Amino acid sequence: MKRMIFATGNAGKMKEIRSIMEDTCREILSMKEAGISIEAEENGKTYEENALIKARAVAHHTPDPVLADDSGLEIDFLNGEPGVYSARYLGEDTPYSIKNAELIRRLEGVPDEKRTARFVCAIAAVLPDGREITVRDTIEGLIGYEEKGGNGFGYDPIFYVPELGKTTAELTEEEKNQVSHRGKALRLMKEELKNL
Ligand code: IMP
């Protein structure tokens, strides 16, 4: 594959997708680099639907294959909240220090074994011939009792990975990409694209 567009404006995601996909695709452009500026309303009920909404919207503006992702945090004790609404939980512009503190508060008194959670990532591809592919992967963890670590973003400081003995905010970027929902989903998508 010569060229593809990744439907995001997030520089961190672009870096990650480039490092994982570089041997599959020669040129990977962000929407901005491809000169596409659209805002798709992510009103799907699943991560896959939202990723497809974004990828389809961008695919209307380019002959190249388009990839898009959607992700979120699911906390079992909260029946899967914040889930697909992770970015909008307590308001899109609310600082994550407040969102994280609120989630810790809602889990007050909940023991370790009931603090299970996962980050989920779906990636969609819309190909020039109209074919659509979706993949999904996760990373399992526990919601911590306090914020820990200064790396990453969003809910990383409260997402503790027992096997690593650290939150995802305590991992380096490379370490996180090895184990994260997004890293794993990107590698699944890479395999799908190779098999076309
Ligand atoms: P997006 O679909 O990648 O924009 O992610 C939606 C939301 O899920 C983000 O705004 C974060 O709140 C949360 N999220 C997704 N992935 C991660 C992660 O790796 N660390 C922390 N929070 C995440």
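# Strands, turns and a helix crossing

Visitor: This is a predicted model, and Pro82 is in strand β4; which residue precedes Pro82 across the cis peptide bond?

Guide: Pro82 has its place in strand β4, which covers residues 81-82. The peptide bond leading into Pro82 is cis, with omega near -10°, and the residue it comes from is Glu81.

Visitor: Which residue of strand β3 stands opposite Glu81, and how many bridges join β3 to β4?

Guide: Within β4, Glu81 stands opposite Ile75. The strands β3 and β4 run antiparallel, and the number of bridges joining them is two.

Visitor: In the hairpin of β3 and β4, which residue takes a positive phi, and is that residue buried or exposed?

Guide: The hairpin has five residues between its strands, and Asn79 is the one with a positive phi near 55°, although Asn79 is not a glycine. Asn79 sits in the loop between β3 and β4. Since exposed means over 50% relative accessible area, and the value for Asn79 is 75%, the word for Asn79 is exposed.

Visitor: Leu90 also has a positive phi; how does Leu90 count in terms of accessibility?

Guide: Leu90 lies in the loop between β4 and α3, and its phi is about 65° although it is not a glycine. Values between 20% and 50% fall in the middle class, and Leu90, at 42% relative accessibility, therefore counts as partly exposed.

Visitor: Why is strand β3 described as largely enclosed by the rest of the structure?

Guide: Strand β3 covers residues 66-75, and it pairs with β5 in the antiparallel sense over ten bridges, while strand β1 pairs with β3 in the parallel sense over two bridges. The description rests on a count of residues, because the number of buried residues in β3 is nine of the ten.

Visitor: Which residues of β5 are the bridge partners of Leu73 and Asp69?

Guide: Both partners belong to strand β5, which is mostly covered, with ten of its eleven residues buried. The partner of Leu73 is Phe119, and that of Asp69 is Ile123.

Visitor: How many bridges join β5 to β6, and which residue in the turn of their hairpin has a positive phi?

Guide: Strands β5 and β6 run antiparallel and are joined by eleven bridges, one bridge pair being Thr116 with Leu142 in β6. Their hairpin has five residues between the strands, and the turn residue with a positive phi, of about 95°, is Gly130.

Visitor: Is Ser30 buried or exposed?

Guide: Ser30 belongs to strand β2, and, leaving aside its neighbours within four places in sequence, Ser30 is in contact with Ile5, Phe6, Thr8, Met14 and Arg18. Buried means under 20% relative accessible area, and because the value for Ser30 is 8%, Ser30 is buried.

Visitor: How do the axes of helix α1 and helix α5 cross, and what is the handedness of the crossing?

Guide: The axes of α1, residues 11-21, and α5, residues 181-194, come within 10 Å and cross at roughly 45°. That angle makes α1 oblique to α5. The handedness of the α1 and α5 crossing is right-handed.

Visitor: How do the residues of the contact of α1 with α5 divide into nonpolar, polar and charged?

Guide: On the α1 side the contact includes Lys13, Glu16 and Ile17, and on the α5 side it includes Arg182, Gly183 and Leu186. Taken together, the residues of the contact divide into six nonpolar, one polar and five charged.

Technical notes: Residues are numbered from 1 along each chain as its sequence is written. This is a predicted model: local features need pLDDT of at least 70, side-chain atom pairs count only at pLDDT 80 or more; totals for chains, interfaces and linings use all residues. Side-chain values use heavy atoms; hydrogens and water are left out. Axes are lines fitted to C-alpha atoms, for helices over the stretch in contact, and angles run from 0 to 180 degrees between N-to-C directions. Helices (H or I, at least four residues) and strands (E, at least two) are DSSP runs, numbered from the N terminus. Angles under 35 degrees count as roughly parallel, over 145 as roughly antiparallel, 65 to 115 as roughly perpendicular and the rest as oblique. A crossing is left-handed if the near helix is turned anticlockwise from the far one by less than a right angle, and right-handed if clockwise. Contact means heavy atoms within 4.5 Å. Ala, Val, Leu, Ile, Met, Phe, Trp, Tyr, Cys and Pro count as nonpolar, Asp, Glu, Lys and Arg as charged, and the others, Gly among them, as polar. Buried means under 20% relative accessible area, exposed over 50%, partly exposed in between (1.4 Å probe, protein chains only). Two strands pair if DSSP finds at least two bridges between them.
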